[in-house]
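Trainee: Could we go through this one slowly, and can I keep asking why each label applies?
Mentor: Sure, take a look and ask away.
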Amino acid sequence: MKIKILLVLIVIYPLFFLFQGGDLTDVGFHCTNYRFFKDFLYGGNFDFLMLELTNFIGHYWLLLFPYAGVLGLKLLYLLFLYGACNGH
């Protein structure tokens, strides 16, 4: 019983801090890069090649869930966080 409660708390706890530390300038910058990833890539704008994998993942996440917005991107962050913690 205690193990089940602990597992539930491990999953629920990060949800309480989902919007902590939300910086409006960086969030807008990265969301714009995710949204226009293909336009930047095909348009010859190679200023953000160091973020190419991040922009690729964010772009296709927004294509899968177009109305999720910033909340959806925060949930994607949680998925990566849970995956990193599960990797041992």
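Mentor: Let's start with His-59, which sits in helix H4. Keep in mind that this is a predicted model.

Trainee: Why is His-59 called buried?
Mentor: Buried means under 20% relative accessible area. His-59 has 7% relative accessibility, so it counts as buried.

Trainee: And which residues is His-59 in contact with, leaving aside its neighbours within four places in sequence?
Mentor: Those are Tyr-34, Arg-35, Phe-37 and Lys-38.

Trainee: Lys-38 is on that list. What makes Lys-38 partly exposed?
Mentor: Buried is under 20% and exposed is over 50%, with partly exposed in between. Lys-38 comes out at 31%, so it gets the middle label. You'll find Lys-38 in helix H3.

Trainee: What does Lys-38 touch, not counting residues up to four places away in sequence?
Mentor: Lys-38 touches Gly-43, His-59 and Tyr-60. As for Leu-51, it is 13 residues from Lys-38 along the chain, and the two C-alpha atoms are separated by 13 Å.

Trainee: Now the rings. How many aromatic pairs does the structure hold?
Mentor: There are three aromatic pairs in it.

Trainee: Why is the pair of Phe-37 and Phe-56 called edge-to-face?
Mentor: Two checks here. Ring centres have to lie within 6.5 Å to make a pair, and planes over 60 degrees apart count as edge-to-face. For Phe-37 and Phe-56 the centres are 6.2 Å apart and the planes are at 75°, so both checks are met and the pair is edge-to-face.

Trainee: How do you know that this pair links distant parts of the chain?
Mentor: Look at where the partners sit: Phe-37 is in helix H3, residues 37–42, and Phe-56 is in helix H4, residues 52–64. They are 19 residues apart.

Trainee: Are those two rings buried or exposed?
Mentor: Take them one by one. Phe-37 has a relative accessible area of 8%, and the cut-off is under 20%, so Phe-37 is buried. Phe-56 has 40%, which lies between 20% and 50%, so Phe-56 is partly exposed.

Trainee: Which residues form one aromatic cluster?
Mentor: Phe-37, Phe-56 and Tyr-60 do.

Trainee: Let's move to Leu-18. Where is it found?
Mentor: Leu-18 is in the loop between helix H1, residues 2–16, and helix H2, residues 24–35.

Trainee: Why is Leu-18 called buried?
Mentor: Leu-18 has 11% relative accessibility, and buried means under 20%, so the label fits.

Trainee: What does Leu-18 touch, leaving out residues up to four places away in sequence?
Mentor: Leu-71, Lys-74, Leu-75 and Leu-78. With Leu-71, notice that the two residues are 53 apart along the chain, while their C-alpha atoms are separated by 8.6 Å.

Trainee: And how far is Ile-5 from Gly-58?
Mentor: Ile-5 and Gly-58 are 53 residues apart along the chain, and their C-alpha atoms are separated by 33 Å. Ile-5 has its place in helix H1.

Trainee: What makes Ile-5 partly exposed?
Mentor: Its value is 45%, and partly exposed covers what is neither under 20% nor over 50%, so Ile-5 counts as partly exposed.

Trainee: Then why is Pro-66 called exposed?
Mentor: Exposed means over 50%, and Pro-66 has 54%, so Pro-66 counts as exposed. Pro-66 is in the loop between H4 and helix H5, residues 69–86. Its C-alpha atom is separated by 9.8 Å from that of Arg-35, and the two residues are 31 apart along the chain.

Trainee: Can we zoom out? How many helices and strands are there in the chain?
Mentor: Five helices and zero strands.

Trainee: What does the radius of gyration say about the chain?
Mentor: The chain has 16 Å, whereas a compact globule of 88 residues would have a value near 12 Å. The C-alpha trace spans about 55 × 25 × 20 Å along its principal axes.

Trainee: How much of the chain counts as buried?
Mentor: That label goes to 18% of the 88 residues. The chain exposes about 7,100 Å², and carbon and sulfur atoms supply 72% of that.

Trainee: And where do the charges lie?
Mentor: The chain has 5 positive and 5 negative charges, and their mean positions are 23 Å apart.

Notes
Residues are numbered from 1 along each chain as its sequence is written. This is a predicted model: local features need pLDDT of at least 70, side-chain atom pairs count only at pLDDT 80 or more; totals for chains, interfaces and linings use all residues. Side-chain values use heavy atoms; hydrogens and water are left out. Helices (H or I, at least four residues) and strands (E, at least two) are DSSP runs, numbered from the N terminus. The radius of gyration is taken over C-alpha atoms; the globule rule is 2.2 Å times the number of residues to the power 0.38. Buried means under 20% relative accessible area, exposed over 50%, partly exposed in between (1.4 Å probe, protein chains only). Accessible areas come from the Shrake-Rupley method with a 1.4 Å probe; for residues, only the protein chains shown count as cover. Lys and Arg count as positive and Asp and Glu as negative; His and the chain ends are not counted. The place of a charge is taken as NZ of Lys, CZ of Arg, CG of Asp or CD of Glu. Rings of Phe, Tyr and Trp (its six-membered ring) pair if their centres lie within 6.5 Å; planes under 30 degrees apart count as stacked, over 60 as edge-to-face and the rest as tilted. Contact means heavy atoms within 4.5 Å.
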